[in-house]
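Colleague: Please show me the model, and then I will ask how the labels follow from the values.

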Amino acid sequence: MIQTLSHYLSFTFVQYALIAGLLISLCASLLGVTLVLKRYSMIGDGLSHVAFGAMSVAAVCSLAPMAVTLPVTIIAAVILLGVNSNGKIKGDAAIAMISVGALAIGYLLMNVFTVSTNISGDVCTTLFGSTSILTLTKSDIVLCCVLAAVVILVYILFYHKIFAVTFDEGFAGATGTNTKLYNNLIAVVTAVVIVLAMNLVGALLVSALIIFPALTAMRVFKSFFSVIIGAAVISVACTLIGLLSAIVFGTPVGSTIVVTDIVVFFIFSVIGKISGRARA
Amino acid sequence: MALIECKDVSLGYEGKPIVTGLNFEVSEGDYLCIIGENGSGKSTLMKALLGQKSILSGKITFDKSLDRKEIGYLPQQTVVQKDFPACVREIVLSGCLNGCGLRPFYSAAQKRLAEDNMKKLGISDLADKCYRELSGGQQQRVLLARALCATKKLLILDEPVAGLDPVVTRSLYALIKEINENGITVIMVSHDMKASVEYASHILHIGHTPLFFGKKSEYAESDISELFTVSGGDSQ
Ligand SMILES: Nc1ncnc2c1ncn2[C@@H]1O[C@H](COP(=O)(O)OP(=O)(O)OP(=O)(O)O)[C@@H](O)[C@H]1O
Ligand SMILES: [Mg+2]
């Protein structure tokens, strides 16, 4: 088995996939902690559907997928966040509306205008990312890596501000922190992460990549910093394991990674329960 | 020069007024206690001062020398999610954020300030504990330490002693007095009449209209204070 693995690892496209995959999952887990704690998990899910819709538009108009998906998702993120904090309109209903709408429009466009003969295959790839990470070109990988590095850098530089607006937005605002600015920053970065993560696991599974490592780390760790670090390590490890087993066993990349995340989540839940009981 | 000036301020929700005709000013170094029965609009007034809530009419003017970044605040209620992972040190330190400006990380002096404030409130030994696993009074002290970290010119406290035991309550009053004597303006909402009259320099008593505003020496002689002390005393 190790032999098969090293054989596969000698291919450059596999190496590319590994690098991009690990960076993307690192970003996703960092943002995931904030999204889960801010109760924005649903927004993440909605945004991934918007990204899918935008991707189909790009495919139909034969534009570069990233060039369309990224700005559309960012705009949607800022709007959804605004709707959510407005309170007048029901936030979750608006999110559901936009996400299902985008899904329907995306599929319709792909179905009507596509030139490819394998429509359902294309749709399946975009939704579940079957093998897309393995088919990225060198320029895609470079773009992925640059965006991921920017996300990680932004997260580190604004770490304390993100903590403050996540923990207690009211206090942060009252004492002079520009909460609106940082909420929008979080929205923009979330959109970037979602578009990136779509390449790794596909639109439908993006939220899993974002949410599971955060929830897993929260089972065991008790401080914000340790949860962040824990989520990052868990996410990277799960992606590595998932990606390698997908290559070796020929399973779909996205779902293999997510299943690994789920298994680790249950292991940590049990650890959390046991250590909680041991302390009590 | 008054630090904060309120002129004919009306406060309320959805256009319905709760308090009307508020007129008062706070000068640098004052210690203002705001008292009044439940639902009289004290917390609403605090939120209006902090710009978290718009006012119905009138005007609140801040002196130019006072920046929002120099205000420390303890809300009456802080709803923190049940499962939020955050240790005490992280929360107290987050109070220093308004002094950071564009700097991404806390300075050594800010970290020291956070440690000092934890010591002052007797929570140093809880520093690495998870916030959600503390008792109500311990949580209150953590939020107080955070408020102190954020304070540079003005400290706004909404019922700071709620949930604290008598020993901590007394030392907290002494601490606030000391902070005030170091030149920091304090605005405090309190139901503790005795302590308010003892420590404050000014008293604002609100019902649905302002009932009294002035120096505490005048307040002690006014009828309204008697009324409230007696009726307050009965209920305890
Ligand atoms: N979000 C809100 N929407 C509508 N009405 C509100 C809201 N918050 C408070 N009120 C009303 O405003 C009035 C004043 O509330 P406020 O919280 O300012 O009282 P308070 O003086 O701080 O009372 P307490 O002593 O109980 O803290 C109350 O009658 C309350 O019902
Ligand atoms: Mg109140």
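The exchange below takes up a helix pair and a ligand site.

Modeller: This is a predicted model, where local features need pLDDT of at least 70 and side-chain atom pairs count only at pLDDT 80 or more, while totals for chains, interfaces and linings use all residues. Side-chain values use heavy atoms, without hydrogens and water.

Colleague: What makes Gly44(A) and Leu47(A) in α3(A) residues that meet α10(A)?

Modeller: Contact means heavy atoms within 4.5 Å, and on that basis Gly44(A) and Leu47(A) are among the residues of α3(A) that meet α10(A), where the partners include Thr190(A) and Ile194(A). By class, this contact has 7 nonpolar, 4 polar and no charged residues; Asp, Glu, Lys and Arg count as charged, Ala, Val, Leu, Ile, Met, Phe, Trp, Tyr, Cys and Pro as nonpolar, and the others, Gly among them, as polar.

Colleague: Why is the pair of an oxygen atom of ligand 1 and the side chain of Gln76(B) called a polar contact?

Modeller: A polar contact is a pair of N or O atoms within 3.5 Å. The oxygen atom of ligand 1 is 2.8 Å from an N or O atom in the side chain of Gln76(B), so the pair qualifies. A polar side-chain atom of His191(B) lies 3.0 Å from an oxygen atom of ligand 1, and a polar backbone atom of Gly39(B) is 2.9 Å from one.

Colleague: Which classes make up the shell around ligand 1?

Modeller: The shell has 2 nonpolar, 8 polar and 3 charged residues.

Key
Residues numbered from 1 in each chain as written. Chains lettered and ligands numbered in written order. Helix = DSSP H or I, 4+ residues; strand = E, 2+ residues; numbered from the N terminus. Polar contact = N/O pair within 3.5 Å; in protein donor to acceptor, adjacent residues only side chain to side chain.
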